[in-house]
Amino acid sequence: MARILVYGDSNSHGTKPLEVLGASDRYIPGVPWPDVMAELTGEVVFTEGLPGRTTVHEDLVDGGARNGAAVLPAVLLSHAPLDAVILMLGTNDLKPRFATSAFDIAKSVERLVGITRDCVPNARVMVICPAPVREAGVLVDAFAGAEARQVGFERHMEAAALRAGAAFVSAGDYVQASPIDGVHLDAEAHRIFGEAMATHVAALLGAPPKLDGGLSAPDPSLPDPPITLRREVPSNWVDYNGHMNEAHYLTVFSDATDQMLNWAGMDADCVAEGHSVFTVETHIRHLGEVDIGDRIEVRTRVLEGGEKKLHVWHELFAGDVLCATGEQLLLHMDMGSRRSARPRADVGAWLGAACSAHAGLARPEGLGRFVGER
């Protein structure tokens, strides 16, 4: 059982979105995303989240030992030994009182990675770029100008993590700050992010999570196509129409395929043994609008599976509305010979069972369609 430290600010602490300035409240245990992550992974998670904590700055306005760099060594050593450290800071640095930039905030987080490595050299480190701030509600003045200062934040944070050799996750890929105060996550966002982090932490530790993405593995013999993806469309997936950019439809369908393959048994160990898949062809149809912030889910049907070919049909819904379909043809591969081959027996059996279960369903409208066909 791994020992993990989450070092952050109010969004790790579990502070609820503020409706009255100075009247803060906190979610009950089990709701904040580190608690959700701990439940799904089964690991021991120590959460050190302090509202108002910065990366490296003394807060002369609010006070309270909020300089993250100054406190971090004591926190690390108090919880040592540690297998992993997750750093999620930078939001409070966007306050105008600190007069800093997205680049400097990322450099400050890079310094925190260095402090972590000095104190617990054997721990794996992950950097999380916080979800973007909105200038809204009772914190609009406290974060005045933050939206402009955070331009390029994710890019700089990812570059800093790469330089420091740390894993990187962007919270904005999964959740948005509540419109109530523009900074804090609501309870649903904590759940979504905790589920996502269970997968990321499992990858960091080198072991699969108990529940991938928070979705329970289905019985492949059931006739209903399983839900293979469920998430909120993040703000950085936007196109010039305010929609989900077309490139991310492929991301969504690819993730849905990976989820199904993982359920079938094609996990990291399976791939390490030389069993994998190559995508041969993908056809995406856009049937309705998907907006930023929409809750989407993908349901996946196996049209051909169990042998060398894997043919799947994805349907993407926003609420009850079918917004896109994705048809994919993949080949199971022997990575030693780089040639198509039968999948590992357990993977083939799972996919074959799903294929048989879905065979009685009506032919999907649009299956096999090509561009320009009427």
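Colleague: How many disulfides does a search of the whole structure find?
Modeller: Zero. A disulfide here is a pair of cysteine sulfur atoms within 2.5 Å. This is a predicted model, where local features need pLDDT of at least 70, side-chain atom pairs count only at pLDDT 80 or more, and totals for chains, interfaces and linings use all residues. Residues are numbered from 1 along each chain as its sequence is written, and side-chain values use heavy atoms, without hydrogens and water.

Colleague: What makes Cys355 too far from Cys270 for a bond?
Modeller: The closest cysteine sulfur to that of Cys355 is in Cys270, 19 Å away. The cut-off is 2.5 Å, so this distance is too far for a bond.

Colleague: Why is Cys355 called buried?
Modeller: Its relative accessibility is 16%. Buried means under 20% relative accessible area, exposed over 50%, partly exposed in between (1.4 Å probe, protein chains only). So Cys355 counts as buried. Cys323, at 1%, is buried too.

Colleague: Why are helix 2 and helix 7 called oblique to each other?
Modeller: Helix 2 (residues 33-41) and helix 7 (residues 187-205) pack at about 45 degrees, axes 7 Å apart. Under 35 degrees is roughly parallel, over 145 roughly antiparallel, 65 to 115 roughly perpendicular, the rest oblique. Therefore the pair is oblique. Among the residues making the contact (heavy atoms within 4.5 Å) are Trp33 and Leu40 of helix 2 and Phe193 and Met197 of helix 7.

Colleague: What is the chain's average pLDDT?
Modeller: It is 92, and 97% of the residues score at least 70. pLDDT is the predictor's confidence in each residue, from 0 to 100. Over residues 207-213 it stays under 50.

How values were computed:
Axes are lines fitted to C-alpha atoms, for helices over the stretch in contact, and angles run from 0 to 180 degrees between N-to-C directions. Helices (H or I, at least four residues) and strands (E, at least two) are DSSP runs, numbered from the N terminus.
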